[in-house]
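Trainee: Please take one part of this model, the pairing of its aromatic rings, and go through it closely, with enough of the surrounding chain to place it. I would like a single connected account.

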Amino acid sequence: MTHTPDNVVNIFASLFAEQGAKSYLGEAVTMAEHMLQGAWLAEQQGESDEIIVGALLHDIGHFAGDRGTFALTDTEDRCHESTGAALVEQHLPPAVVACIREHVAAKRYLCAVDPAYTDTLSTASQHSLRLQGGAMTADEVECFAQHPHLKAILKVRLLDDAGKEAGRQTPDFAHFAPRVRRLIEGHHQAR
């Protein structure tokens with residue numbers, strides 16, 4: 001199959017339709033509700049397409065096979081952020097890919113630089129934090145703080161945390177599809 005922008009958007013839409021109703025790791029929302037809430041909040045805040053699409057797709061790695069899934073009974077991290085980044089990296093701009101690849105590292109970073117942040121995390125997010133290595137060390141913080149997309153990554157991380165409200169109404173994936181398509185087109189043209 002040729003990876004035209006429309007085909008890629010259709011693949012993402014299919015993943016949402018087929019996998020999105022799955023429980024979101026012990027949270028009060030489904031996987032799709034969680035990601036749609038993050039994107040909707042970003043849109044309401046007037047964020048760029050990169051931030052909105054980063055929030056929309058940040059957990060897409062959970063849809064991409066067994067390595068991406070997670071349960072509160074897990075004893076090892078399944079690295080859904082790497083799976084998700086690999087799924088989108090040839091189609092989306094580096095800032096969006098970084099938001100997907102680094103949203104777990106951003107949680108670890110924020111726990112290190114703002115210890116009160118840890119207390120704001122849901123039970124499931126605190127469990128996954130332990131599996132993901134806990135708060136960053138001082139050396140890791142220093143290195144991560146140099147990331148060229150740090151500001152965008154941290155925004156998507158906070159949208160991730162905010163996108164867990166049961167019953168919050170959001171548009172569906174089709175609402176965001178034109179933004180996803182624009183970013184894919186722009187990225188393909190820039191290559």
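Mentor: Helices here are DSSP runs of H or I with at least four residues, strands are runs of E with at least two, and both are numbered from the N terminus. The model is a predicted one, and by that assignment its chain holds ten helices and zero strands, so that, read from the N terminus, the elements run α-α-α-α-α-α-α-α-α-α. The radius of gyration is 16 Å, close to the 16 Å that the globule rule gives for 191 residues, and the chain is therefore as compact as a globular protein of that length. Its C-alpha trace spans about 45 × 35 × 30 Å along the principal axes, and buried residues account for 51% of the 191 residues. Of the contacts with a separation of 6 or more, 70% are between residues 24 or more positions apart.

Against that background, the rings can be taken in turn. A pair of aromatic rings is described by the distance of the centres and the angle of the planes. Searching the whole structure gives three aromatic pairs. In one of them, the ring centres of phenylalanine 16 and phenylalanine 63 lie 5.6 Å apart with the planes at 85°, and because an angle over 60 degrees counts as edge-to-face, that is how this pair is classed. The pair links distant parts of the chain, since phenylalanine 16 belongs to helix H1 (residues 5-19) while phenylalanine 63 sits in the loop between helix H3 (49-57) and helix H4 (80-88), 47 residues apart. Phenylalanine 16 has a relative accessible area of 7% and is therefore buried, and phenylalanine 63, at 5% relative accessibility, counts as buried too.

Tyrosine 109 and phenylalanine 144 form another aromatic pair, with 5.3 Å from centre to centre and 50° between the planes, an arrangement classed as tilted. Tyrosine 109 lies in helix H5 (residues 94-113) and phenylalanine 144 in helix H8 (residues 138-144), so this pair ties together parts that are 35 residues apart in sequence. Both tyrosine 109 and phenylalanine 144 are buried. Returning to the phenylalanines, ring pairs join Phe16, Phe63 and Phe173 into a cluster.

The surroundings of the tilted pair can be followed through methionine 136, which lies in the loop between H7 and H8. At 11% relative accessibility methionine 136 counts as buried, and, with residues up to four places away in sequence set aside, methionine 136 touches Ala105, Arg108, Tyr109, Ala112, Val141 and Phe144. Both partners of the tilted pair, Tyr109 and Phe144, are thus among the residues that methionine 136 touches. From C-alpha to C-alpha, methionine 136 and proline 171 are 35 Å apart in space, with their positions 35 residues apart in sequence.

Helix H7 (residues 123-131) has Ala124, Ser125, His127, Ser128 and Leu129 as its buried residues, and these pack against H5, helix H6 (115-120) and helix H9 (150-162). After H7 comes glycine 133, whose phi is positive, near 110°.

Two further positions show how buried residues elsewhere make contacts across the sequence. Histidine 91 lies in the loop between H4 and H5, and at 6% relative accessibility histidine 91 counts as buried. Apart from residues up to four places away in sequence, histidine 91 touches His3, Val8, Leu183, Ile184, His187 and His188, whereas the C-alpha atoms of histidine 91 and alanine 138, 47 residues apart along the chain, are separated by 34 Å. Glutamate 43, in helix H2 (residues 31-44), has a relative accessible area of 17% and is buried, because the cut-off for that class is under 20%. Leaving out neighbours within four places in sequence, glutamate 43 is in contact with Ile52, His175, Phe176 and Arg179, and its C-alpha atom is 9.8 Å from that of alanine 55, twelve residues apart along the chain.

As for the surface and the charges, the chain exposes about 8,900 Å², of which carbon and sulfur atoms supply 52%. There are 16 positive and 26 negative side chains, and the centres of the two sets lie 1 Å apart.

Methods: Residues numbered from 1 in each chain as written. Predicted model: local features only at pLDDT ≥ 70, side-chain atom pairs only at ≥ 80, totals over all residues. Heavy atoms only, no water. Phe/Tyr/Trp six-rings, centres within 6.5 Å; stacked < 30°, edge-to-face > 60°. Buried < 20%, exposed > 50% of the residue type's maximum accessible area, 1.4 Å probe, protein only. Rg over C-alpha atoms; globule rule 2.2 N^0.38 Å. Contact = heavy atoms within 4.5 Å. Areas by Shrake-Rupley, 256 points an atom, 1.4 Å probe, with all protein chains shown as cover. Lys, Arg positive; Asp, Glu negative; His and termini not counted. Charge placed at Lys NZ, Arg CZ, Asp CG, Glu CD.
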